[in-house]
Amino acid sequence: MKIHKEGTKIIIINFIIWAVVAAAFIVLCNNPWVKWIAVAVCAFLALFMFRFFRVPSNPVVKDGDFVFAPSYGEVTAIKEVEENEYFKGRCRRISIYLDFFDIHITWFPVGGKVLYYKYHPGKYFFAWYHKSSEKNEHTSIVVETEHGVPVMFRQIAGIVARRIVCYAEVGKEFEQGSEAGFIKFGSRLDVFLPLDAEILVKKGDKAVGQVTRLARLNRQK
């Protein structure tokens with residue numbers, strides 16, 4: 001299993017902590033049931049970190065006419081909203097919620113040039129809360145596709161997540177499906193699309209990063 005670079009330090013520290021705790025129970029605890037249950041729990045927590053930072057082996061699918069899922073998770077909302085940070089108008093927002101067991105890598109949903117990037121410090125409400133897109137710590141990235149269509153996506157921290165890593169740089173070109181960053185622990189991804197985009201998913205669908213087609217874009221003339 002390949003481990004993401006953002007997890008290396010955390011995994012090592014986590015492994016040392018739980019190894020010390022397990023060793024303490026083995027040496028100091030006289031109750032065999034308590035001892036081995038504690039060791040099993042420590043082993044589970046240590047192995048969980050390996051799983052959390054795993055890198056999937058899915059083939060990258062590229063098609064400039066489509067917007068692909070920027071993350072794994074559940075589609076929790078599809079709605080028309082007023083977007084006041086960049087577009088300054090109405091657009092369609094697809095929200096994907098990531099729980100602890102989802103892969104937390106973020107990928108570029110479209111390929112093209114980064115027109116806008118901004119980090120916003122903020123609160124740490126539950127990621128599924130509808131206002132978390134604006135109130136929580138988040139990053140906003142706008143990419144203009146080769147057909148001139150701007151698409152924005154946001155990495156949003158949740159109640160547990162305390163660090164968002166983003167690789168986007170204004171003026172730089174990124175391929176569709178390339179890594180855009182990592183959100184550590186529970187979080188959410190929002191994708192903002194033009195109103196004329198054809199939505200291809202529905203609420204409750206499970207999204208697979210780099211694979212699930214969220215929408216088809218209407219090429220600008």
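**Group meeting: strand β7 and its surroundings**

Let me start at one residue. T139 is found in strand β6, which covers residues 138-144. One thing before I go on: this is a predicted model.

Is T139 buried or exposed? Its relative accessibility is 1%, so T139 counts as buried. The side chain of T139 has a polar partner. T139 and Q155 are joined through their side chains by a polar contact of 2.7 Å. Now the neighbours. Leave out residues up to four places away in sequence, and T139 touches Y117, K118, Y119, F153, R154, Q155, I164 and C166.

F153, R154 and Q155 are in that list. That takes us to β7.

How do β6 and β7 pair? They pair in the antiparallel sense, over 7 bridges. S140 stands opposite R154 in β7. The two strands form a hairpin, with 5 residues between them. Look at G148 in the turn: its phi is positive, about 80 degrees.

β7 has another partner, β11. These two strands run antiparallel, joined by 6 bridges. For a register point, take M152, which stands opposite F192 in β11.

Next, burial of β7. How many residues of β7 are buried? The count is 8 of 8, so the strand is largely enclosed by the rest of the structure. A general point helps here. In a regular strand, side chains alternate between the two faces of the sheet. For β7, both faces are covered. On one side sit P150, M152, R154 and I156, all buried. On the other sit V151, F153, Q155 and A157, also all buried.

So much for the strand. Now the charges.

R154 sits in that buried strand, and the R154 side chain meets E85 in a salt bridge, 3.0 Å from N to O. Why does this pair link separate parts of the chain? E85 lies in the loop between β2 (73-83) and β3 (89-98), while R154 is in β7 (residues 150-157), so the salt bridge ties together parts that are 69 residues apart in sequence. Both E85 and R154 are buried.

On to D190. Its side chain meets R93 in a salt bridge, at 3.9 Å from N to O. This is another link between distant parts of the chain: D190 is in strand β11 (residues 187-193), R93 is in strand β3, and 97 residues separate them. If you check that pair on screen, keep the cut-off in mind: a salt bridge needs nitrogen and oxygen within 4 Å. Both D190 and R93 are buried.

D190 also forms a salt bridge with R188, and there the closest N and O atoms are 2.9 Å apart. R188 is buried, as is D190.

There is a network as well. Salt bridges link E80, E82 and R90. Over the whole model, the count comes to 9 salt bridges.

Then the cysteines. How many disulfides are there? The count comes to 0. Two cysteines to point out. C29 has a relative accessible area of 15%, so C29 is buried. C91 has 3%, so C91 is buried as well.

Now a separate sheet. Which strands form the open sheet, and in what order? There are 3 of them, in the order β1-β14-β12, with antiparallel pairing. The edges are β1 (66-68) and β12 (198-199). Each has a single partner strand, so one side of each is left without a neighbour in the sheet. β1 runs antiparallel to strand β14 (residues 213-216), and 3 bridges join them. Within that pairing, V67 stands opposite A215 in β14.

Finally, zoom out. The protein has 3 helices and 14 strands. Of its 221 residues, 48% count as buried. Take the contacts with a separation of 6 or more: residues 24 or more positions apart account for 71% of them. The accessible surface is about 11300 Å², and 60% of that belongs to carbon and sulfur atoms.

To recap β7: 8 of its 8 residues are buried. It pairs with β6 over 7 bridges and with β11 over 6. R154 in this strand carries the salt bridge to E85. That is the tour.

Notes: Residues numbered from 1 in each chain as written. Predicted model: local features only at pLDDT ≥ 70, side-chain atom pairs only at ≥ 80, totals over all residues. Heavy atoms only, no water. Helix = DSSP H or I, 4+ residues; strand = E, 2+ residues; numbered from the N terminus. Buried < 20%, exposed > 50% of the residue type's maximum accessible area, 1.4 Å probe, protein only. Contact = heavy atoms within 4.5 Å. Areas by Shrake-Rupley, 256 points an atom, 1.4 Å probe, with all protein chains shown as cover. Polar contact = N/O pair within 3.5 Å; in protein donor to acceptor, adjacent residues only side chain to side chain. Disulfide = S-S within 2.5 Å. Pairing = 2+ DSSP bridges.
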